[in-house]
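Reader: I am new to this structure. Please take a close look at one part for me, the packing of the helices, and show where that part sits in the whole.

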Amino acid sequence: MNAISQRELCFVLKAITYRERDQIVVLLTETRGKVHAIARNSIQSRRFGGCLNLFTASELELDSRSIKISEETDEKLVGVQSALLRQSFEEIPKNFERMAAASSMNELLLRTIPNHRNAPELFKLYSNCLITLNESESMQTILGVTNAFVLKLTQWLGVQPSVTRCLSCEKTLAEVMGERVYAQVARAGWLCGDCNPESRAISLSKNVIFDAYQAILNPIRKVTFGAAREDHLELLNYLEQHLLYYVAGLERKPISSFHYLKLEA
Ligand SMILES: [Zn+2]
């Protein structure tokens, strides 16, 4: 074994074929965050097996040295020496909705988090979301997990919307009248029916705000989503606008994988 390599539990977020037999992969690693890597001779290779498939946790042997590929952006590429498959979430690719949800998580990680920044809580979150999605039967749960992932990601990015109280009168969800509240994208929160002055606000059910609240407070695998799938779809629409408004790296371009979740719902 190479003395200057280390083993690391990883997920592949994206893979592209390079020079016919190599692959360039974007990895979410347990201790180094998001890393770009090259796996030489990995196409149809027995040595790599299914280790570089999407939605698969593998232990990869990564070079500790990295090759700088751009002086301007400080982008680096590390070599993948060998791979050992740890867990494959096989039910995800078999189902269109699960696949759309898991792909949207990959897209968000690819587009929003910086390279080479240690993010063990995101690794754990992503891993728990895949475990939950792999077992999810209903569209309601699939959308619920996606929304929970987005909310926890906004927490990590430091742009979490406020879900507990009306932005204006500060009443809690339990105290406000009616069944719906009105999301305010630019103010990162919601107004109750009594305080909502405009029709452009996104109407959300109180049930789905309660789910969002639970999702922020608890680990994904402990959350039971009570709101209907239509409610979660409205929340997804709101969270997409929230992300585009608050996350500079997204450059206001829609999250393309969300499109497939909206199609099915
Ligand atoms: Zn109010």
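Author: What follows starts with the whole chain and then goes through the helix pairs one by one.

This is a predicted model. The protein chain has six helices and eight strands. From the N terminus on, the order is β-β-β-β-β-α-α-α-β-β-β-α-α-α. The radius of gyration is 20 Å, and the globule rule gives 18 Å for 265 residues. Those values are close, so the chain is as compact as a globular protein of that length. Along the principal axes, the C-alpha atoms fill a box of roughly 65 × 40 × 30 Å.

Next, the domains. The chain is divided into domain 1, residues 5–88, and domain 2, residues 96–264. Their C-alpha centres lie 30 Å apart. Each side brings a set of residues to the contact: 15 from domain 1 and 15 from domain 2. On the domain 1 side, β1 (5–18), β2 (22–29) and β3 (33–39) each supply at least two residues. Strand β3 gives the most to that side, with four residues. By class, the domain 1 side divides into eight nonpolar, three polar and four charged residues.

Now the helices. Take α1 and α2 to begin with. Helix α1 covers residues 96–112, and helix α2 covers residues 120–135. Their axes come within 10 Å and cross at roughly 170 degrees. An angle over 145 degrees counts as roughly antiparallel. Therefore α1 is roughly antiparallel to α2. From α1, the contact uses Arg98, Ala101, Ala102, Met105 and Leu109. From α2, Tyr126, Cys129, Leu130 and Leu133 take part. This contact has eight nonpolar residues, no polar ones and one charged.

Turn to α3 and α5. Helix α3 runs over residues 139–157, and helix α5 over residues 229–246. Their axes come within 9 Å, with a crossing of roughly 25 degrees. Angles under 35 degrees count as roughly parallel. So α3 is roughly parallel to α5. The crossing of this pair is left-handed. Helix α3 contributes Met139, Gln140, Leu143, Gly144, Thr146, Asn147 and Val150. Helix α5 answers with Arg229, His232, Leu233, Leu235, Leu236, Leu239 and Leu243. Together these residues divide into eight nonpolar, five polar and one charged.

Helix α5 has another partner, α4, which covers residues 206–217. The axes of α4 and α5 are 9 Å apart, and the packing angle is about 65 degrees. Angles of 65 to 115 degrees count as roughly perpendicular. That is why α4 is described as roughly perpendicular to α5. Here the crossing is right-handed. Asn207, Val208 and Ala212 make the contact from α4. Asp231, His232, Glu234 and Leu235 make it from α5. The classes are three nonpolar, two polar and two charged.

Now put the two α5 contacts side by side. His232 and Leu235 of α5 are among the residues that touch α3. His232 and Leu235 also belong to the contact with α4. The handedness is left-handed for α3 with α5, and right-handed for α4 with α5.

Key: Residues are numbered from 1 along each chain as its sequence is written. This is a predicted model: local features need pLDDT of at least 70, side-chain atom pairs count only at pLDDT 80 or more; totals for chains, interfaces and linings use all residues. Axes are lines fitted to C-alpha atoms, for helices over the stretch in contact, and angles run from 0 to 180 degrees between N-to-C directions. A crossing is left-handed if the near helix is turned anticlockwise from the far one by less than a right angle, and right-handed if clockwise. Two residues are in contact if their C-beta atoms, placed from the backbone, lie within 7 Å. Ala, Val, Leu, Ile, Met, Phe, Trp, Tyr, Cys and Pro count as nonpolar, Asp, Glu, Lys and Arg as charged, and the others, Gly among them, as polar. Domain bounds come from an automatic or database domain assignment. The radius of gyration is taken over C-alpha atoms; the globule rule is 2.2 Å times the number of residues to the power 0.38.
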